[in-house]
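Here's a quick tour for anyone opening this structure for the first time. Have a look at the sequence and the 3D view, then follow the notes below.

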Amino acid sequence: MLPGVDASAHVVNCFRAKYTNISLDNFAHLWVAKPTERLANRYLQEVGESEDIAHCLRHRFFLERLREFSIQATKGVFINIGAGFTNYPYLLNTPIPSCEVDKPNLVESKQQRIQKLQSSHQLPERDILFIPTKDLNKSSENKKLFDSLSQWIDSRQSFVLMEGLLYWLSQDSVNSLFKHLQQTQTTGSLLALNAFKPSEASKEMFHRLRKFSEKDYGIGNLSPNTLSETFHENLLGYKLIDRANYINLSKQIDEVKELDNKDSVLEEDCYLLRKL
């Protein structure tokens, strides 16, 4: 298992694999191993028992909107920044060119595993460009990444996803990401992301998550990022067209027991914005 933030990617994948009827990720089990299952179970015990369902709801929200985009945007492309061990390109009935961005060691590990899974016909073939980037908290890395993305996207409409990413970044780095996205995405493109509101930082669960991240993921001196709702509403060059939180999403799916106790749910709001 990879250390640091990469370990979080393993844990979240275990959550998606646990409830595929909710996450709709039928390939998540291909990335699960016993050590990651043990870490995921410890996460639920130490952070909160609702976290597995919450992450499945998050994935479903983004997947459903990506599927709509893949049908409507006939020449569209998909970019997943901080892709982890997600399987979005393989879950589209209408495949589109895709790009996955993550840390070099995770990208290398995932590519090797994908080759084996495709050779054994456990994963379908997909057109995916992998771009390794060392640290999105460094402005030089951001510029290098978006120079590559701008050339690859060209004039095509894009669906950019930043799932579970912003929590780990400084506010300066978040601002830099959005600035580059505004300059890179074409009109009509979509930007999907999730973020904690500042009010969530006062919850005991939020403090437990930070403690777990520092202790079990080995990330020292973590300063988790939060974003106000007005940040998305006023984002230059974009219009907010959809939003949801875990409690609301749980009410929309029959298979899910409603998450109605706010103190026992660590809410990250999910947002969908359209490029103007």
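D216 counts as buried, because its relative accessibility is 18% and the cut-off for buried is under 20%. Keep in mind that this is a predicted model. D216 pairs up with K215 in a salt bridge whose closest N and O atoms are 2.6 Å apart, so let's start with the charged pairs and then move on to the sheet, the helices and a few single residues.

**Salt bridges**

- Side chains of opposite charge can pair when their charged atoms come close.
- How many salt bridges are there by this rule? The count comes to 18.
- K215, the partner of D216, is partly exposed, with 48% relative accessible area.
- Over at R243 and E229, the side chains meet in a salt bridge, 2.6 Å from N to O. R243 sits in strand β6 and E229 in helix α9 (residues 229-233), so this pair ties together parts that are 14 residues apart in sequence.
- R243 counts as partly exposed at 32% relative accessibility, and E229 is partly exposed too, with a relative accessible area of 31%.
- There's also a network here: R42, E46, K215 and D216 are joined into one by salt bridges that share partners.
- K18 and D52 make another salt bridge through their side chains, at 2.8 Å from N to O. This one links distant parts of the chain, with K18 in helix α1 (residues 5-18) and D52 in helix α4, 34 residues apart.
- Is each end of that pair buried or exposed? K18 is partly exposed, with a relative accessible area of 43%, whereas D52 counts as buried at 2% relative accessibility.

**The sheet**

- Seven strands make up an open sheet with mixed pairing, and their order is β3-β2-β1-β4-β5-β7-β6.
- Which strands sit at the edges? They are β3 (128-132) and β6 (238-244), each of which pairs on one side only.
- From one strand to the next, the twist averages 20°.
- Strands β1 (residues 77-81) and β2 (residues 98-102) run parallel, and four bridges join them. If you'd like a spot to zoom in on, I79 has C99 in β2 as its bridge partner.

**Helices on the sheet**

- Helix α4 (residues 51-72) packs on the sheet and touches β1, β4, β5 (190-196), β6 and β7 (268-275). The direction of α4 makes about 15° with that of β7.
- Helix α6 (residues 139-153) lies across β1, β2, β3 and β4. Set against β1, helix α6 runs at about 165°.

**Where α1 meets α3**

- Two packed helices are described by the angle between their axes and the distance between the axes.
- For α1 and helix α3 (residues 34-46), the axes come within 9 Å and cross at roughly 85°. That makes α1 roughly perpendicular to α3, because angles of 65 to 115 degrees count that way.
- On the α1 side, the contact is made by A7, H10, V11, C14, F15 and K18. On the α3 side, the residues are T36, E37, L39, A40, Y43 and L44.
- V11, which lies in helix α1, counts as buried at 0% relative accessibility. Leaving out residues up to four places away in sequence, V11 touches L39, A40, Y43 and Y217.
- V11 and Y88 are 77 residues apart in sequence, and their C-alpha atoms are 17 Å apart in space.

**Two loop residues to find**

- E163 is found in the loop between β4 (158-162) and α7 (171-184). Is E163 buried or exposed? E163 is buried, with a relative accessible area of 9%.
- The side chain of E163 joins that of Y88 through a polar contact of 2.7 Å. Not counting residues up to four places away in sequence, E163 touches R58, H59, F62, I81, G82, T86, Y88 and N194.
- E255 has its place in the loop between α10 (246-250) and β7. E255 is partly exposed, with 47% relative accessible area.
- How far is E255 from D172, counting C-alpha to C-alpha, and what separates them along the chain? The two C-alpha atoms are separated by 40 Å, with the residues 83 apart along the chain.

Key. Residues are numbered from 1 along each chain as its sequence is written. This is a predicted model: local features need pLDDT of at least 70, side-chain atom pairs count only at pLDDT 80 or more; totals for chains, interfaces and linings use all residues. Side-chain values use heavy atoms; hydrogens and water are left out. Buried means under 20% relative accessible area, exposed over 50%, partly exposed in between (1.4 Å probe, protein chains only). A polar contact is a pair of N or O atoms within 3.5 Å; within protein, one must be able to donate a hydrogen and the other to accept it, and residues adjacent in sequence count only if both atoms are side-chain atoms. Contact means heavy atoms within 4.5 Å. Two strands pair if DSSP finds at least two bridges between them. Axes are lines fitted to C-alpha atoms, for helices over the stretch in contact, and angles run from 0 to 180 degrees between N-to-C directions. A salt bridge is a side-chain nitrogen of Lys or Arg within 4 Å of a carboxyl oxygen of Asp or Glu. Angles under 35 degrees count as roughly parallel, over 145 as roughly antiparallel, 65 to 115 as roughly perpendicular and the rest as oblique.
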